[in-house]
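Subject: Structure for you to look at

Hello,

Here is the structure I said I would pass on. Please open it beside this email and follow the residues as they come up.

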Amino acid sequence: MKVLITQKLPFNVEEYLKDFELDYRKESTPIPYEELYERGKSAHGIISMLSDKIDKNLLENCPNLKVVANYAVGYNNIDVAFATQKGIVVCNTPDVLTETTAELAFALMISIARRIVEADNFTREGKFTGWSPELYLGTDLFKKTVGLYGFGRIGQAFARCCKGFEMDIIYHTRNRNLQAEILTGAKYVSFDELLEKSDFIVIIAPLNDESYHKFTINAFKKMKNSAYLINIGRGPIVKEDDLVTALKEGLIKGAGLDVYEFEPKIHPELFNLKNVILLPHIGSASVKTRAEMAKLCADSIISVLKFGKKPKNALN
Ligand code: DGY
């Protein structure tokens with residue numbers, strides 16, 4: 001049976017999947033759609049990246065396909081409903097990347113608040129001529145209010161990090177999670193309250209019909225002028241044009257972004273703004289986590305293709 005792997009993985013997947021014929025694209029750039037379409041036609045299993053569009057058109061043309069293991073926790077790149085109709089199992093990589101991704105959100109929050117990147121650039125440019133009382137004054141995190149848009153596994157792990165800074169944690173999601181509230185001390189609020197009360201808003205939500213363009217100019221107008229926006233969820237949750245306006249007009253103070261509305265394209269004006277940190281979608285990028293994600297994808301393939309069993313991390 002043939003397994004297509006669309007990018008090079010930091011894991012010895014060839015040894016691990018030695019019982020299968022591998023169509024291993026050992027490159028570190030996203031596979032073009034046409035190539036994915038062609039190579040997918042004969043595959044029984046695909047290990048896909050979050051940048052691979054696994055849509056109806058593609059799934060219709062993969063007669064042998066039994067399983068898609070997405071190398072990410074988010075799966076908005078896959079038409080799961082159509083895969084379900086076709087009896088194709090879709091898996092993602094939950095749990096193994098939770099703490100790593102929460103850490104990245106925290107790193108972005110503290111870095112934008114304390115102007116770490118700006119200050120590093122200043123030092124590298126040879127501009128540090130001596131200690132000064134007003135040099136790179138930032139914003140404290142301690143005892144501030146952090147608002148989470150999304151409160152799943154990663155959101156809850158992030159909330160645990162915030163507790164160390166004695167932050168007030170509020171959150172908004174579609175469904176309230178009472179057990180997680182007890183464990184983290186987070187308080188459920190309406191979306192408007194989240195916008196109005198938060199000193200930091202952190203988007204840790206999946207992309208779906210509910211979250212798409214949730215943050216537009218109307219939302220930014222309701223935020224404090226002193227607040228920061230962090231997005232490690234999915235780019236299209238934020239209308240990027242409106243974010244640029246909000247940053248330029250001082251509706252909010254800054255933003256830390258790991259994801260973009262038209263990824264990998266980034267709004268050109270964001271590059272000119274000092275009050276923004278721009279990361280290349282590295283939420284889960286630690287050596288250990290990326291290896292565990294690869295192993296989990298490979299295990300999902302084995303489980304379906306070799307043992308005919310749906311793994312625990314199946315989405316359908
Ligand atoms: C995912 O896995 O969906 C995240 O975007 C990790 O960065």
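Start with I277. Leaving aside neighbours within four places in sequence, I277 is in contact with L108, S111, I112, V117, G256 and L257. One of these partners, I112, is 165 residues away along the chain, yet the C-alpha atoms of I277 and I112 are separated by 6.6 Å. Keep in mind that this is a predicted model.

Is I277 buried or exposed? There are 22 other C-beta atoms within 10 Å of I277, and 20 or more count as buried, so I277 is buried. As for secondary structure, I277 is found in strand β12, residues 276-278.

Strand β12 belongs to an open sheet of 7 strands, in the order β8-β7-β6-β9-β10-β11-β12, with parallel pairing. At the edges are β8 (187-188) and β12, and each of them pairs on one side only. At the β8 end, 2 bridges join β8 to strand β7 (residues 168-172), and the two run parallel. Within that pair, I170 stands opposite K187 in β8. Helix α7 (residues 153-163) lies across β6 (145-149), β7 and β9 (200-203), and runs at about 175° to β6.

Next, the cores. The largest nonpolar core has 51 residues, and A105, L148, F158, V202 and I230 are those with the most contacts inside it. Which helix gives the largest share of this core? Helix α5 (residues 98-113) does, with 8 residues. To see how I230 fits in, again leave aside neighbours within four places in sequence: I230 is in contact with A105, L108, M109, F200, V202, I203 and G256. Another core lies apart from the largest one; this second core has 40 residues, among them L58, V73, I88 and C91.

There is also an open sheet of 5 strands, in the order β2-β1-β3-β4-β5, and its pairing is parallel too. β2 (21-24) and β5 (89-91) each have a single partner strand, so one side of each is left without a neighbour in the sheet. From one strand to the next, the twist averages 15°.

Strand β3 (residues 45-48) is a good place to follow the pairing in detail. On one side, 3 bridges join strand β1 (residues 2-5) to β3, and the two run parallel. V3 has G45 in β3 as its bridge partner, and I5 stands opposite I47 in β3. β3 is also joined to β4 by 4 bridges, again in parallel, and the bridge partner of S48 in β4 is N70.

Which way do the residues of β3 point? G45 and I47 point one way, I46 and S48 point the other way, and all are buried. In a regular strand the side chains alternate between the two faces of the sheet.

Helix α12 (residues 287-305) lies across β1, β3, β4 (67-70) and β5, and runs at about 165° to β4.

Last, the ligand. Which residues surround the ligand? They are L50, A72, V73, G74, L97, T101, H281, G283 and S284. By type, the shell around the ligand divides into 4 nonpolar, 5 polar and no charged residues. One name comes up twice here: V73 is in the shell around the ligand, and V73 is also among the residues of the core of 40.

Regards

Key
Residues are numbered from 1 along each chain as its sequence is written. This is a predicted model: local features need pLDDT of at least 70, side-chain atom pairs count only at pLDDT 80 or more; totals for chains, interfaces and linings use all residues. A nonpolar core is a set of buried Ala, Val, Leu, Ile, Met, Phe, Trp, Tyr and Cys residues joined through C-beta atoms within 7 Å. A residue is buried if 20 or more other C-beta atoms lie within 10 Å of its own, exposed if 12 or fewer, and partly exposed in between; C-beta atoms are placed from the backbone. Two residues are in contact if their C-beta atoms, placed from the backbone, lie within 7 Å. Two strands pair if DSSP finds at least two bridges between them. Axes are lines fitted to C-alpha atoms, for helices over the stretch in contact, and angles run from 0 to 180 degrees between N-to-C directions. A residue is near a molecule or strand if its C-beta atom, placed from the backbone, lies within 6 Å of it. Ala, Val, Leu, Ile, Met, Phe, Trp, Tyr, Cys and Pro count as nonpolar, Asp, Glu, Lys and Arg as charged, and the others, Gly among them, as polar.
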